[in-house]
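User: Could you take a close look at one part of this model for me? I would like to know the largest pocket and what surrounds it.

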Amino acid sequence: MAELHTSIVSLVSLAAGIASNHPAMGQCQLARLRKLGVSEEHIAAVVEIARHIRDEAAQKMDAAFDEASWLESAETATPAEPVASGESCCSTTASGQSCC
């Protein structure tokens, strides 16, 4: 398999980091791309696309949550039971780690 050019790898990494809300925010990739001579216009286009994908995914997740919450509340006539002290309101991983 042919190796990707360093600038392509950095652009993909930058986009993935932005789209996934990675805490490093792509700063390393920005510096590398500028050092490689990638134009600011190309960098800006990648950032815009990645932000759009991130924002669209968040909107779809919010809409799915809202719909599920509405359906659940419409199906039950009583309000949700409060979680007792010490109980978790989320599931655990296969190894037993809490996800919240």
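Analyst: Happy to help; here is a walk from the overall fold to the pocket, and then to the side chains around it.

Please keep in mind that this is a predicted model. The chain has three helices and zero strands, so it reads α-α-α along the sequence. Of its 100 residues, 15% are buried. Among contacts with a separation of 6 or more, 46% join residues 24 or more positions apart.

Now to the pocket itself. The largest pocket holds about 170 Å³ of space. Its lining consists of L14, G17, I18, N21, H22, M25, Q27, L30, V47, R51 and R54. Helix 1 (6-19), helix 2 and helix 3 (40-75) are the elements that each give two or more residues to this lining. By character, the lining divides into five nonpolar, four polar and two charged residues.

One of the lining residues, R54, also takes part in a salt bridge: its side chain meets that of D55, at 3.1 Å from N to O. R54 counts as partly exposed because its relative accessibility is 22%, above the 20% under which a residue is called buried. D55 is partly exposed too, with a relative accessible area of 37%.

The whole structure has two salt bridges, and the other pair is E40 with R34, whose side chains meet at 2.8 Å, N to O. Here E40 is partly exposed at 41% relative accessibility, and R34 is partly exposed at 46%. Behind both pairs is a simple idea: side chains of opposite charge can pair when their charged atoms come close.

Finally, Q29 deserves a look, as it touches a residue of the pocket lining. Q29 lies in helix 2, which spans residues 27-35. Leaving aside neighbours within four places in sequence, Q29 is in contact with S10, S13 and L14, and L14 is one of the residues lining the largest pocket. With S13 there is also a polar contact, in which the two side chains are joined at 2.9 Å. Q29 has a relative accessible area of 15%, and it therefore counts as buried, the cut-off being under 20%.

To bring this together: the pocket is lined by residues that include L14, L30 and R54. L14 is in contact with the buried Q29, while R54 is joined to D55 by a salt bridge.

Notes:
Residues are numbered from 1 along each chain as its sequence is written. This is a predicted model: local features need pLDDT of at least 70, side-chain atom pairs count only at pLDDT 80 or more; totals for chains, interfaces and linings use all residues. Side-chain values use heavy atoms; hydrogens and water are left out. Helices (H or I, at least four residues) and strands (E, at least two) are DSSP runs, numbered from the N terminus. Buried means under 20% relative accessible area, exposed over 50%, partly exposed in between (1.4 Å probe, protein chains only). A polar contact is a pair of N or O atoms within 3.5 Å; within protein, one must be able to donate a hydrogen and the other to accept it, and residues adjacent in sequence count only if both atoms are side-chain atoms. Contact means heavy atoms within 4.5 Å. On a 1 Å grid over the protein atoms alone, a cavity is a set of points where a 1.4 Å probe fits but cannot get out, and a pocket is an open set with protein on both sides within 12 Å along at least five of seven lines; lining residues have an atom within 4 Å of a point. Grid points are joined across faces, edges and corners, and a volume is the space filled by probe spheres set on the points. Ala, Val, Leu, Ile, Met, Phe, Trp, Tyr, Cys and Pro count as nonpolar, Asp, Glu, Lys and Arg as charged, and the others, Gly among them, as polar. A salt bridge is a side-chain nitrogen of Lys or Arg within 4 Å of a carboxyl oxygen of Asp or Glu.
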